[in-house]
Amino acid sequence: MNNEFYNTELLIRYLDKELSAEEMIALEQRLAAEQGLREELERLKLAREAVRLHGLKQQVKKIHTEMRGTASANPIIGRNNIRAIGKWTMRIAAVVVLVVLGVGVYQYATLSNEKLFAEQYQPYEMRASRGAETESPVEAAYKKKDFPGVIAVFNNVSTHATADYFLVGQAYLQQNNNKEAIRNLELANASADTSHLYKDE
Amino acid sequence: MEESKHYSDQELLELLKSGGGIDVAVRYLYRSHFDFLGIYVQQHSGSVQDAEDVFQEVVVAFIDLVQHNKFRGESTIKTFLFALNRNIWLNELKKRQRSAIREMKFENAKPMEDQAISEYIAAREGRQQVMDLVSKLGTTCQQILVAFYYQNLSMNEILSQLNYENEQVVRNKKYKCMKKLEELIAADPNLAKNLKTALQYE
């Protein structure tokens with residue numbers, strides 16, 4: 001056994017409290033005098049503490065593994081599931097919002113005058129006037145829904161009542177002649193005797 | 001039944017200080033605090049694995065502090081563990097240089113509740129080196145040294161666990177293992193300095 005190993009063994013036995021009283025006194029005298037020996041003792045103390053800490057960590061790790069193994073319904077994982085459900089709820093909500101936004105954008109993008117007209121236009125229906133004494137040829141044709149006839153009769157007459165302008169305007173609308181329809185409806189609207197009549201229509 | 005028993009802080013500290021009560025105490029710590037502390041880590045950018053690793057470190061650090069009488073009982077164990085857990089996790093995040101740390105500047109601004117926690121965090125890196133150091137030894141060396149210095153087993157008890165001829169052979173093996181560990185420390189002066197800071201030895 002060489003001297004170095006003898007010293008180490010002596011120091012370890014000192015740490016382990018295995019030295020006799022005489023051996024301890026002798027070693028402590030040497031420690032007071034020899035810096036190298038003191039430094040080695042310090043390192044051995046560190047080594048012992050490192051082992052102790054390592055052992056503690058191993059023990060805790062073993063119990064941790066054991067606890068994780070037995071706890072099938074782990075609380076943390078349980079909460080993770082709750083968080084996962086929350087995440088999925090948020091994802092579904094986001095998809096719904098995107099769909100609603102998409103529908104809105106599509107409707108806005110595809111909106112046109114023609115589409116709006118096709119969806120909203122309702123042909124004017126002539127109401128039966130109780131006690132009406134006479135009706136003009138234009139009115140008679142309109143009642144029969146003979147729209148080309150309305151236009152033809154209108155064009156054959158030189159003077160027109162407000163109702164005639166209005167009805168021929170409607171007839172042009174039915175015939176998809178928007179330009180003439182607008183012109184006649186504006187004449188009907190501007191006519192002095194219309195006051196409130198036909199304005200709403 | 002141990003599984004359902006409630007321990008007061010004082011009872012728990014006594015269990016931790018007595019070597020034989022550590023298993024019971026650690027199981028109790030898991031049952032009582034793992035959930036609560038794990039949630040904190042997960043709510044602050046941590047994974048389930050992070051939560052488990054940090055909790056293990058919290059338990060090891062807490063037992064170490066208790067056994068070195070560094071836990072002064074100025075707060076309840078629950079409060080202390082929560083502070084330790086939070087500080088270890090924030091320190092870990094900082095170490096990883098993750099952007100999440102920016103989100104938690106307000107947390108950093110909080111002062112450390114306890115000097116023991118502050119000291120622990122300062123020495124955390126050194127402690128990691130301690131763990132790595134012992135792992136550099138062979139399995140047999142680790143077994144003998146842990147059995148003797150941590151489990152406080154006698155040479156005869158260690159002999160019955162390992163396949164050696166007699167106690168003296170085990171004793172010699174133990175000296176060699178300690179010498180190897182001491183040499184690893186001597187080889188790196190900075191390591192010795194870090195270890196001194198990290199280990200609260202007498």
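Two residues are in contact if their C-beta atoms, placed from the backbone, lie within 7 Å. This is a predicted model, where local features need pLDDT of at least 70, side-chain atom pairs count only at pLDDT 80 or more, and totals for chains, interfaces and linings use all residues. Residues are numbered from 1 along each chain as its sequence is written, and chains are lettered from A in the order in which they are written.

**Exercise 1.** Work out how many residues each chain brings to the contact between chains A and B.

*Solution.* Start with the totals: chain A gives 31 residues and chain B gives 37 residues. Next, sort the chain A side by helix (a DSSP run of H or I, at least four residues, numbered from the N terminus). Here α1 (3–15), α3 (35–70) and α4 (75–109) of chain A each supply at least two residues. The largest share, 23 residues, comes from α3(A).

**Exercise 2.** Find how helices α9 and α11 of chain B are oriented to one another.

*Solution.* First, take the axes, which are lines fitted to C-alpha atoms over the stretch in contact, with angles from 0 to 180 degrees between N-to-C directions. The axes of α9 (residues 139–150) and α11 (residues 167–186) of chain B come within 9 Å and cross at roughly 100 degrees. Therefore α9(B) is roughly perpendicular to α11(B), a label that covers 65 to 115 degrees. Finally, list the partners: B:C141, B:I144, B:L145 and B:F148 in α9(B) meet residues of α11(B), including B:V170, B:C177 and B:M178.

Conventions:
Angles under 35 degrees count as roughly parallel, over 145 as roughly antiparallel, 65 to 115 as roughly perpendicular and the rest as oblique.
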